[in-house]
Amino acid sequence: MRIFKRRRSVDPIGEFWGWWNDTGARQVADAIARKDPSSTSAVLAEHVNAIHGGLDWELGPGLHAKHTLVVTAAGDPATRAVARRWLRAAPPSDQLWEYADLRRPSPEVTIQFEGMPPVVSDDALVAIDPDERAAAVHVGVHHPVFPQLSEDARRRITFLLLDLSLGEEMTETWIGAVETLIDRPAEGRPISELLPTVAKFAAGFTTEDGDPTWRLLEGVIDGQRLIATTEVPLRSIRLPHLDTHVGVTIEYPAGREDGLPDAEMLDQLRDLEDHLTNRLGDSGRLLAHETIAGARTLHYYVDGSTPAPAQLQAATTGWPHGEVSLRTTQDPGWHNLAHLGS
């Protein structure tokens, strides 16, 4: 006779979608139709918070469906993976509902906070400074009401204006330094011009197939030549579910005086790289590699909720030319790639 029962493992994302499919989608849609969406706010917030307390949510019109439900990490890299896993578990969109984990552009709105004057988004001006080296567009944002606001309020509205103009993904991927401008900039442009300008800039870092471009870097460390290649830009919001860094360091016999591999060894290193990448499938991605003094380090980012790190470990056996070591760390912000630039 069993005395103790094994506790059921709780999957909060699965429970959210179970509730949503059973009753939630219909209840929220009915509340919107009655022009009373706040009547379901508490229960929706309860189910979202059960997934993670750091998530935000909002409702709005859909692009292809009548409504959209957005559950977002609100700019916190540590929570983006949870929001993306929520989205990846979502049911297919239909005529009534579609889903997103990042806020979309919503231009031509009026921002109204209690105790503050209204902020009409179209009245904002921007100074735009594209930076090819950093793979980022630096911006200054001015609004006529800024002189009336505190520094904290100006900063808050500045970032809200950027999100409204570009959407959360484009803002965090392509916007670099941000300055809040109290005075009207001499070369200020309407904020409506920011989206096409940033989109054109981003296209310069995108291949014809829609993939990111790669950048070659060279340097010298302790007298040793270093060669590195990276995807551009290296920003975690592009693949937020890949929250775990796995550095795979492969030793090889240096065939050249500068410590880099000769042509034959380079082919073998690439073959191993392809083998590791294929084993991962869509559970991970190679984002950069560095080669110096008889060692090549492959920088993979993987979904930490999958067996991807163990798959990489198993796939490295059999390398005949030296030791292969793996180092795995949680890194939702991709800080382990900060030394490689953008």
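**Exercise 1.** In which sense do strand 10 and strand 11 (residues 224-232) pair, and over how many bridges?

*Solution.* The model is predicted: local features need pLDDT of at least 70, side-chain atom pairs count only at pLDDT 80 or more, and totals for chains, interfaces and linings use all residues. Residues are numbered from 1 along each chain as its sequence is written, and side-chain values use heavy atoms, with hydrogens and water left out.

Step 1. Strands (E, at least two residues) and helices (H or I, at least four) are DSSP runs, numbered from the N terminus. Two strands pair if DSSP finds at least two bridges between them.

Step 2. Strand 10 and strand 11 are joined by nine bridges, in the antiparallel sense. Within this pair, glutamate 218 has isoleucine 227 of strand 11 as its bridge partner.

**Exercise 2.** Place strand 10 in its sheet and find the edges.

*Solution.* Step 1. The sheet is open, has six strands in the order 10-11-13-14-12-15, and pairs in antiparallel fashion.

Step 2. Strand 10 (213-221) and strand 15 (324-330) each have a single partner strand, so one side of each lacks a neighbour in the sheet.

Step 3. Direction ignored, neighbouring strands are turned by 20° against each other on average.

Step 4. Helix 7 (residues 263-280) lies across strand 12 (244-251), strand 13 (284-292) and strand 14 (295-302), and runs at about 15° to strand 14.

**Exercise 3.** Describe how helix 1 packs against helix 2 and helix 3.

*Solution.* Step 1. Axes are lines fitted to C-alpha atoms, for helices over the stretch in contact, and angles run from 0 to 180 degrees between N-to-C directions. Angles under 35 degrees count as roughly parallel, over 145 as roughly antiparallel, 65 to 115 as roughly perpendicular and the rest as oblique. Contact means heavy atoms within 4.5 Å.

Step 2. Helix 1 and helix 2 (residues 41-51) pack at about 155°, their axes 8 Å apart. Helix 1 is therefore roughly antiparallel to helix 2. On the helix 1 side the contact includes Phe16 and Trp20, and on the helix 2 side Leu44 and His47 are among the residues.

Step 3. Helix 1 (residues 12-33) and helix 3 (residues 77-88) pack at about 40°, with axes 10 Å apart. These two helices are therefore oblique to each other. Here Ile13, Phe16 and Trp17 of helix 1 meet Val82, Arg85 and Trp86 of helix 3.
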